[in-house]
Amino acid sequence: ATRRVGAHASGLGPRRGLTSSPLFQRFWAWTSQSRPSWREDKVEAAVAFVVFGVTGSSSVALVRPALQRVGFEGSMWEGPWSYRIGSFLIVSPIYACLLLTFGTLAGRHTFFAALAGKSFGRFLPSKLAEKIGCPRPK
């Protein structure tokens with residue numbers, strides 16, 4: 001039997017991805033629309049502060065048990081230095097990913113994508129950062 005190009009394995013027509021769904025299209029239009037600055041609008045400021053709070057709490061809640069599983073015991077306040085350094089190296093990229101995720105879900109993709117890009121730009125080698133579109137902070 002021959003398969004048609006673009007046909008779904010079930011034979012029920014072309015495969016549709018998530019990005020072609022009308023619901024996704026509506027969500028993406030909503031989350032990537034232009035919005036006023038958080039300095040000018042109290043609602044924008046409140047949304048940004050909530051996203052930062054949820055992101056910070058979530059990143060620590062994810063990283064702390066992961067560090068304990070690999071044998072790092074301690075705290076940022078009491079040490080040891082291996083825990084502090086390991087925590088910083090692991091929390092930073094996870095924080096940036098969560099910031100982009102929660103910011104997008106809160107409808108502020110454009111704002112939080114710029115912040116996450118700057119964050120990744122600090123930790124990635126400059127050639128790689130340029131290649132994937134992460135601006136170097138000034």
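**A nonpolar patch and a nonpolar core**

Reader: Which residues form a nonpolar patch on the surface?

Author: In this predicted model, the patch has about 660 Å² of accessible area together. Helix α3, residues 81-105, gives the most to the patch, with five residues. The members are W81, I85, F88, L89, I90 and F123.

Reader: Is F88 buried, exposed or partly exposed, and why?

Author: F88 lies in helix α3 and belongs to the nonpolar patch. Buried means under 20% relative accessible area and exposed means over 50%, with partly exposed in between. F88 has a relative accessible area of 47%, so the residue is partly exposed.

Reader: What secondary structure does the protein chain have?

Author: From the N terminus on, the elements run α-α-α-α-α. The chain comes to zero strands and five helices.

Reader: Which helix gives the most to the largest nonpolar core?

Author: The largest nonpolar core is made up of five residues: V47, A48, V51, L99 and F112. Three residues of this core come from one helix, which spans residues 42-69. That helix is α2.

Reader: Which residues does V51 touch, not counting residues up to four places away in sequence?

Author: V51 is one of the residues of the largest nonpolar core. Two other core members, L99 and F112, are among the residues V51 touches. With that sequence limit, the full list is L99, F102, G103, A106 and F112.

Reader: What share of the exposed area of the protein chain do carbon and sulfur atoms supply?

Author: Of the 138 residues of the chain, 25% count as buried. The chain exposes about 10000 Å². The share supplied by carbon and sulfur atoms is 64%.

Terms used
Residues are numbered from 1 along each chain as its sequence is written. This is a predicted model: local features need pLDDT of at least 70, side-chain atom pairs count only at pLDDT 80 or more; totals for chains, interfaces and linings use all residues. Side-chain values use heavy atoms; hydrogens and water are left out. Helices (H or I, at least four residues) and strands (E, at least two) are DSSP runs, numbered from the N terminus. Buried means under 20% relative accessible area, exposed over 50%, partly exposed in between (1.4 Å probe, protein chains only). Accessible areas come from the Shrake-Rupley method with a 1.4 Å probe; for residues, only the protein chains shown count as cover. A nonpolar core is a set of buried Ala, Val, Leu, Ile, Met, Phe, Trp, Tyr and Cys residues joined through side-chain atoms within 4.5 Å. Contact means heavy atoms within 4.5 Å. Patches are made of residues with over 30% relative accessible area and no salt bridge: like charges are joined within 9 Å, nonpolar side chains (Val, Leu, Ile, Met, Phe, Trp, Tyr) within 5 Å. A salt bridge is a side-chain nitrogen of Lys or Arg within 4 Å of a carboxyl oxygen of Asp or Glu.
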